[in-house]
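Welcome! Here is a short tour of a protein structure for someone meeting it for the first time. Have a look around, and then read on.

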Amino acid sequence: PTPGLSVTLALTLVIVSLAAFVFFVSHLAQSIRVVSVIERVARETRRALRETIDFAEPGSPPRLPDRAPDQVLSWDREPGVILGIDEDDLVEIARRSGAVMRLVHQIGDYVPSGAPAVDVWFVDDRHAPVDTRAVLARIGSGIERTMAQDPAFGIRQLVDIAERALSPAVNDPTTAVQAIDRLHDLLRRIAALPQPTGVHVDGQGVQRLVVP
């Protein structure tokens, strides 16, 4: 007897597999188009702007002591790109030490081993040295930039695409204009926001952390 159910199921699976393969090829062809890449970068950058930029009115500008730092924390770890920071934990570390800290590098910068990473000034009467390992543990690093807390990386990618498109070797002004259109949109969004100060305060409103 012919196993009708098995044959029908096998034919159904073959048809479904063919349909999935055709969909995959079509999706892949669309996703690698330059305009799709540009829009994907712009979309991720817009999301990063919403998640990282404070939409509230900026507070007071940084007020740092007019003297050399009392303590300089070095980047005592593998070299890498700063991917993000935990501002709340760093503020608490500075508060417990009676200090104000300023990050030397901004998110997206590549920091070599042994380079100065954080400047520390003691501003309270009762203070204690800042634990370097505790501070560095709150600063994430990696081998390349991401847009998790670094929307400037998306802008950099769009600029790179536009520059390559305008190079004599490529000569593709259409792609350049597509990238510039997205840059225009991003810059309009940024221009409408208050200018951030990079200052983070503790519960008593005392400045404890300055992020460039």
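Does Asp124 count as buried, partly exposed or exposed? At 26% relative accessibility, Asp124 counts as partly exposed. Please keep in mind that this is a predicted model.

## Asp124 and its partner

Let us stay with this residue for a moment. Asp124 forms a salt bridge with Arg208, and their closest N and O atoms are 3.0 Å apart. Asp124 sits in the loop between β5 and α4 (132-136), while Arg208 belongs to strand β8, so this pair ties together parts that are 84 residues apart in sequence. Arg208 is buried, with a relative accessible area of 4%, a value that falls under the 20% limit for that word.

## Strands that pair

Strand β8 (residues 207-210) is a good place to go next. It pairs with strand β3 (residues 99-103) in the parallel sense, over 2 bridges. Within this pairing, Met101 has Leu209 of β8 as its bridge partner.

Strand β8 also pairs with strand β7 (residues 199-201); here 3 bridges join them, and the two run antiparallel. Val201 finds its bridge partner in Gln207 of β8. β7 and β8 form a hairpin with 5 residues between them, and Gly205 in the turn has a positive phi of about 80°.

## The nonpolar cores

Some background helps here: in soluble globular proteins, nonpolar side chains tend to be buried together. In this model, the largest nonpolar core has 25 residues, and those with the most contacts inside it are Met101, Val130 and Val135. At least two residues of this core come from each of β2 (80-85), α3 (87-97), β3, β5 and α4.

What does Met101 touch, leaving aside its neighbours within four places in sequence? Its contacts are Leu90, Ala94, Val118, Asp119, Val120, Val130, Val135, Arg208, Leu209 and Val210. Apart from the largest core lies another one, of 14 residues, among them Ile38, Met147, Phe153 and Leu183.

## A salt bridge between β3 and β5

Strand β3 takes part in a salt bridge as well. Arg102 and Asp119 form one, with their closest N and O atoms 2.8 Å apart. This pair links distant parts of the chain, since Arg102 is in strand β3 and Asp119 is in strand β5 (residues 116-122), 17 residues apart.

How exposed are the two partners? Arg102 is partly exposed, with a relative accessible area of 30%, whereas Asp119 is buried, at 10%.

## Salt bridges around helix α6

How many salt bridges does the structure hold? There are 13 salt bridges. One of them joins Asp185 to Arg46, with the closest N and O atoms 3.8 Å apart. Asp185 lies in helix α6 and Arg46 in helix α2 (residues 34-52), so the pair ties together parts that are 139 residues apart in sequence. Asp185 counts as partly exposed, at 27% relative accessibility, while Arg46 is buried, with a relative accessible area of 17%.

Salt bridges that share partners join Glu39, Arg46, Arg182, Asp185 and Arg189 into one network. Arg182, a member of this network, is found in helix α6 (residues 173-191). Is Arg182 buried or exposed? Arg182 is buried, with a relative accessible area of 19%. Leaving aside its neighbours within four places in sequence, Arg182 is in contact with Val35, Ile38, Glu39, Ala42 and Leu158.

## A nonpolar patch at the surface

Now for the outside. Which residues make the nonpolar surface patch of about 610 Å²? The patch is made by Phe21, Val22, Phe24, Val25, Leu28 and Ile32. Val25 has its place in helix α1 (residues 4-31). With a relative accessible area of 40%, Val25 is partly exposed.

## An unusual spot in a loop

One last stop is Asn171, found in the loop between α5 (151-165) and α6. Although Asn171 is not a glycine, it has a positive phi of about 55°. Is Asn171 buried or exposed? Asn171 is exposed, with a relative accessible area of 59%.

Notes. Residues numbered from 1 in each chain as written. Predicted model: local features only at pLDDT ≥ 70, side-chain atom pairs only at ≥ 80, totals over all residues. Heavy atoms only, no water. Patch = residues over 30% accessible without salt bridge, like charges linked within 9 Å, V, L, I, M, F, W, Y side chains within 5 Å. Areas by Shrake-Rupley, 256 points an atom, 1.4 Å probe, with all protein chains shown as cover. Salt bridge = Lys/Arg side-chain N within 4 Å of Asp/Glu carboxyl O. Helix = DSSP H or I, 4+ residues; strand = E, 2+ residues; numbered from the N terminus. Buried < 20%, exposed > 50% of the residue type's maximum accessible area, 1.4 Å probe, protein only. Pairing = 2+ DSSP bridges. Contact = heavy atoms within 4.5 Å. Core = buried A, V, L, I, M, F, W, Y, C linked by side-chain atoms within 4.5 Å.
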